[in-house]
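Trainee: Could you walk me through how to read a ligand site and a pocket in a model?

Mentor: Gladly; let us look at it together.

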Amino acid sequence: MKLTDSIKSDKPTISFEIFPPKQSENLGSVLDAAEEIAALKPSYISITYGAGGAGSRFTADLTRQLHEDTGVQVLAHLTCVTSTRGKVKEMLETYKDYGIRNILALRGDIPEDGHVENDYRHADELVSEIKDFGDFCVGGACYPEGHIECAHKADDIYHLKTKVDAGCDFLTTQMFFDNNIFYNFLYRAKDVGIDVPIVPGIMPITTAKQLGRSVAMSGTNVPERFRAIVDHFGEDPEAMKQAGIVYASEQIIDLIANGIRHIHVYSMNKPEVAAEIMQNLSHIIDTE
Ligand SMILES: Cc1cc2nc3c(=O)[nH]c(=O)nc-3n(C[C@H](O)[C@H](O)[C@H](O)COP(=O)(O)OP(=O)(O)OC[C@H]3O[C@@H](n4cnc5c(N)ncnc54)[C@H](O)[C@@H]3O)c2cc1C
């Protein structure tokens with residue numbers, strides 16, 4: 001089944017994201033965590049892609065295993081900047097063989113040593129290549145506050161339009177902590193003619209360290225209200241975890257109250273965080 005069917009559903013739905021292990025010996029424990037998340041009956045689970053190296057293999061293995069064991073819909077991420085066209089084709093053949101039909105097509109971050117393969121410069125090239133390959137539902141990433149490398153939001157959204165025109169069926173946003181930024185982004189996207197579903201991505205922040213790391217990587221704005229929470233509870237792990245989950249749950253409730261139907265949650269490999277979010281939404285999200 002293609003994800004666009006569940007993203008366009010009339011009733012509110014939630015999906016979760018996980019990441020594959022770096023070493024094969026940890027595949028089992030990540031799969032266990034993923035299966036616990038699948039038991040919460042999300043509309044799908046997305047699996048990130050470690051650029052290059054063995055990590056990329058684990059995304060495919062984990063995606064297949066999770067799908068086979070639980071029947072949950074899966075969305076496999078695929079990055080291209082450290083790949084060649086040959087490697088991408090190989091991955092697409094693998095997903096086709098595995099019966100995986102949903103791919104989030106990404107450029108990927110430029111590695112710290114600056115080395116990139118020359119086949120791809122931007123994600124739009126990967127999007128159109130996957131579309132040409134065949135029967136895949138393809139998503140792309142988007143950035144309500146602008147991508148960190150792009151100095152002007154107007155340029156970024158223009159590039160996003162190019163990516164959508166290359167064949168994106170839907171978009172998923174980078175995390176944000178202020179829903180007004182997302183609502184404003186929806187208007188700007190509509191203004192340039194982007195008409196595919198835009199799925200908001202919400203990250204439950206459960207430690208002060210996680211916030212620092214996420215903000216450094218993404219440049220996401222931290223509103224005063226959330227900063228006060230982290231300042232107050234940051235030294236108390238259990239309190240910070242609870243407050244971060246409640247904050248993310250409130251963001252989700254506000255999004256649903258404002259007409260958004262599908263929300264993606266970056267709970268990563270933490271089934272207990274995903275479970276608490278579902279518990280907080282138990283009368284709002286119908287998983288039957
Ligand atoms: C939902 C989501 C999931 C992610 N999953 C992963 C993952 O699994 N693995 C991983 O390694 N990373 C992942 N990332 C991070 C992502 O790879 C980085 O943010 C990366 O820096 C940009 O990827 P992109 O696909 O958005 O790139 P692009 O769409 O190519 O954009 C990158 C930059 O190039 C500019 N640009 C785009 N097209 C053009 C063009 N035609 N001409 C000139 N400039 C252009 C854009 O404005 C932007 O500044 C994810 C991000 C998000 C939001």
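Mentor: Start with one contact: a polar side-chain atom of His159 sits 2.9 Å from an oxygen atom of the ligand. A polar contact is a pair of N or O atoms within 3.5 Å; within protein, one must be able to donate a hydrogen and the other to accept it, and residues adjacent in sequence count only if both atoms are side-chain atoms. Bear in mind that this is a predicted model, where local features need pLDDT of at least 70 and side-chain atom pairs count only at pLDDT 80 or more, while totals for chains, interfaces and linings use all residues. Residues are numbered from 1 along each chain as its sequence is written, and side-chain values use heavy atoms, with hydrogens and water left out.

Trainee: Which backbone atom lies 2.8 Å from an oxygen atom of the ligand?

Mentor: That is a backbone N or O atom of Ala123. A polar backbone atom of Gly108 is 3.1 Å from a ligand oxygen.

Trainee: How many residues surround the ligand?

Mentor: A residue is near a molecule if one of its heavy atoms lies within 4 Å of it. Here 22 residues surround the ligand, and the closest are Arg107, Asp109, Tyr143, Asp156 and Lys163.

Trainee: Which element gives the most to that shell?

Mentor: Helices (H or I, at least four residues) and strands (E, at least two) are DSSP runs, numbered from the N terminus. α6 gives the most, with three residues. Elements that each supply at least two include β3 (74-79), β4 (102-106) and α5 (123-133).

Trainee: And how is the whole protein built?

Mentor: The protein has 11 helices and eight strands. Its radius of gyration (taken over C-alpha atoms) is 18 Å, close to the 19 Å that the globule rule gives for 288 residues, so the protein is as compact as a globular protein of that length. That rule is 2.2 Å times the number of residues to the power 0.38. Along the principal axes, the C-alpha atoms fill a box of roughly 50 × 45 × 40 Å.
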